[in-house]
Amino acid sequence: HKNSPLTHGQEHTHYKEPPCAICPRHGRCVPKVQCPAHVRASSYNPACHLNGAVGVCCFTGSGHAAENERKARAATLISAEDVKSSHSQSRQKLSQWITLAAKLLEHSMHTIVNTTSPSYGHHLSVVTHDERAATLGRGGLLNLFTAQELKARQAISEDDLALGFTEHTDGPFCPPQPSCSALNRYRSIGGECNNPSSSTWGAVLTGFERLLPPNYSDGTWAMRTAKSGAPLPSARTVSSALLLDGSHPSSTHNMMFMQFGQFIAHDISAGVIFNAENGSAISCCMNNGEDILPPELQHFACAPIEVATDDPFYGQFKQKCINFVRTQIAPASDCSAGYAKQMNGASHYPDLSHLYGSSEEKLSSLRAPGGLLRTFSDYGRELPPLTERKECLAVKEGAACFESGDNHGNQIISLTVLHTIFTREHNRLAKALSGLNPGWDEDTVFWETRRLLQAQFQHIIYNEWLPLLLGPQIMKTFELSPSAGYSSAYDPHTNPSLSAEFSAAAMRFGHSVVSGRIVIPSPQMGGIYETISIPELMFHPTRMRLRHFLDRVLIGLSSQPMQTVDPFVTEGLSRYMFHGGNPYGVDLAAINIQRGRDHGLNSYNQYRKLIGLDMYTDFQQFAPNAARRLVSVYEDPEDIDLWVGGLLEEPIEGGILGPTFANIIADQFARHKKGDRFFYEHGPDVNPGAFTPIQLEEIKKVTLARLICDNRDGIELVSMPPAACLRDDLPGNEPVPCDSPRIPAMDLSKFRES
Ligand code: HEM
Ligand SMILES: [Ca+2]
């Protein structure tokens, strides 16, 4: 690997002229990943200097991306008659599909996921309880069908379809538009109105955006095929050949880094999966996975993953099918027809929507009097409230299962631990703020606390987590580091929505860093209390009720190394995930690959080109080991899935990811900063919820170690490594007492209203 120049992520482009100092014609110098136009031969994009790196002068704007470009090109004229009749066709098709889907319930024995099957845990991980999703999803389908119908009539070219078109058409589904007050001091619950002139940007139940126009084999929604036109290899075949089990502990990062990463991911990304007409989980397999459901019984959203008879793991269990259901389509906010964009069930902003919920109803079910969040007091230890919903796998007497804003907080117990820390921090801050401001009513206490906690969370992401992920150069190129005082990065033309590439591939690097076991130390004995294999901790959070458990996991996460980012995924995720009582579970690696195809992601090569790297033309350009495996499954280097290719890259200098994932993730968080009016560093000129300079200075003292120290049980955890996401055996990061000045605290008195 190390010897291949292609895997190092260096630029091989030879510039004929030195980079421009200033871009001509109002162009903006941006990282290549933010200017999709530059990959086209006809596009003029001179190189330019960008904070110590080379960017391109972009004339389609940096924010973002394929979308701006398509608006610029949406000049296609389609006859009104064609559009009208396409819409009526489309309505008929939708009602046929829905009738058919409803009929399938007559065969519910086969068409609905059994609660004892491993796929049920997958369903629990992705289920949405927001009732608005189904209506919007139908609207999304309607507008998609219209695009398909128009395309079939050849009213529009393949190229224009790939770029979508935004002409207002007659009879489309139009999602309800929020009415906004730009002056509101607090973020809305679902992220609406963050940008008053594009009020749905980043809102819950809107679509993922894209770095590149999608690769759907029919241009609209059908999953990608190989370059040759043949079907791509089964996602499970790719997973079993390329994503092996194996332990490669990181020499620097700990499991807290992993766990905080998933906590961030759940805040911003939650693809909404199609459900059966009665709300149950759709099954695309039958006979407990021994067969693929015959096509006539498959729901239209089925894309089951085929398992080969000689599969090295599933073969022995006669498994031929891993359940997979596609993501719902979001209607564009301007009611336009076009290719499918998948629906996000979370607000796209890092705003703790997984703690507070994304709807008013959810939030009110989580609130308690006094501006607090509800808790369950377990003999004096505050835990998130117990849930009545069936959100866990254990149904045994005495099993605990907890509420969270997104209903996915029980997925792995270390995630439940972070939900607990943030719930406690909310209540700790609320009590302090209300003590300092006796005139505040409980609503003010609540909203002020939420605003402050969101700021702390964003600071930890940008100040602690991202630098450890991306390294110093990318932090600089994308201007991600917190500055002194206010930031002037706000740009109302930047769309902060998640890119499909981020959600369905790059941010899932995290699945490679999960360790197969969680080590629970026994601090008083100076040894290990318990080592638990992770599938046993998924949707099984009952251990949270053990008095010592929370402190011990927190200590364990700080000291246990995470795994490196590489093409190795623990079998706890790739073979046994959500196994319940079964001898096998589902394969998350295969699901990730299939999800990328579901979202219409392009092949890995196309993203190399986007970020300015050479494309692979021959498998032999990969390291020998990878080449052998790649050639055994893919026909052509152009076929490689993004998630797979990204994991094969060598990490960039000072970071832990390869250049492709690093660019995709950096772009995302750059847009989360530029495109979020309420970003914690933005000043009162743009941000109606801005902090005072003195308060901002206090917020910038907060670290994850401080949050943990302030909200631990304090039974066994008395010290923390100051850098909570780095191993506690690194020189300089040895645990220090929680009251040490090396773990600074905010002076809350600065939050007394004058
Ligand atoms: C024990 C740990 C973890 C488990 C069991 C787990 C499991 C899952 C599952 C079942 C899905 C849904 C897959 C699909 O249907 O497409 C998912 C999605 C995802 N995971 Fe993880 N994951 C874990 C850790 C992580 C970490 C550490 C990160 C990031 C640092 C991460 C990032 C993501 C992202 C971005 C998604 C896509 C979410 C969406 O939009 O639906 N996960 N994970
Ligand atoms: Ca969010």
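User: Starting with H540, is that residue buried or exposed?
Analyst: H540 is buried, because 23 other C-beta atoms lie within 10 Å of its own; a residue counts as buried with 20 or more such atoms within 10 Å, as exposed with 12 or fewer, and as partly exposed in between, the C-beta atoms being placed from the backbone. This is a predicted model, in which local features need pLDDT of at least 70 and side-chain atom pairs count only at pLDDT 80 or more, while totals for chains, interfaces and linings use all residues. Residues are numbered from 1 along each chain as its sequence is written, and chains are lettered from A and ligands numbered from 1 in the order in which they are written.

User: Where is H540 found, and what does it touch?
Analyst: H540 is found in the loop between β14 (527-533) and α15 (549-559), where helices (H or I, at least four residues) and strands (E, at least two) are DSSP runs numbered from the N terminus. Not counting residues up to four places away in sequence, H540 touches C392, L393 and A394, a contact being a pair of C-beta atoms, placed from the backbone, within 7 Å.

User: And how many Å separate H540 from L601 in space?
Analyst: From C-alpha to C-alpha H540 and L601 are 33 Å apart, with their positions 61 residues apart in sequence.

User: Switching to the ligand, which residues come nearest to ligand 1?
Analyst: G261, Q262, S269, G271 and G510 come nearest among the 23 residues around ligand 1, and a residue is taken as near when its C-beta atom, placed from the backbone, lies within 6 Å of the molecule.

User: Which helix gives the most to that shell?
Analyst: That is α8, with four residues; α4 (118-126), α8 (255-268), α14 and α17 each supply at least two residues of the shell around ligand 1.

User: How do the residues of the shell divide into nonpolar, polar and charged?
Analyst: There are 11 nonpolar, 10 polar and two charged residues in the shell around ligand 1, with Ala, Val, Leu, Ile, Met, Phe, Trp, Tyr, Cys and Pro counted as nonpolar, Asp, Glu, Lys and Arg as charged, and the others, Gly among them, as polar.

User: What does UniProt list for H511?
Analyst: The unreviewed UniProt entry lists H511 for "binding site"; UniProt positions are given in the numbering used here, feature names are shortened, and annotations may be inferred rather than shown by experiment. In the model H511 is found in helix α14 (residues 510-513) and counts as buried because it has 23 C-beta neighbours inside 10 Å. Leaving aside neighbours within four places in sequence, H511 is in contact with V569, L573, L588, A589 and N592.

User: Now backbone angles: what is the phi of Y379, and what is the phi of F578?
Analyst: The phi of Y379 is near 50°, a positive value in a residue other than glycine, and F578, also not a glycine, has a positive phi of about 60°. Most residues other than glycine have a negative phi.

User: Where are those two, and is each one buried or exposed?
Analyst: Y379 lies in the loop between β11 (376-378) and β12 (381-383) and is exposed, because just 6 other C-beta atoms lie within 10 Å. F578 lies in the loop between α16 (571-574) and α17 (588-598) and counts as buried, because it has 23 C-beta neighbours inside 10 Å.

User: Why is α18 described as largely enclosed?
Analyst: Six of the eight residues of helix α18 (residues 604-611) are buried, so the rest of the structure largely encloses it. The buried residues are Y604, N605, Y607, R608, L610 and I611, and they pack against α13 (500-504), α20 (642-648) and α21 (659-674). After α18 comes G612, whose phi is positive, near 95°.

User: Last topic, the whole chain: what is its radius of gyration?
Analyst: The protein chain has a radius of gyration of 25 Å, which agrees with the value near 27 Å for a compact globule of 754 residues; the radius is taken over C-alpha atoms, and the globule rule is 2.2 Å times the number of residues to the power 0.38. The C-alpha trace spans about 70 × 65 × 55 Å along its principal axes, the secondary structure comes to 23 helices and 17 strands, and 56% of the 754 residues count as buried.

Conventions
Two residues are in contact if their C-beta atoms, placed from the backbone, lie within 7 Å.
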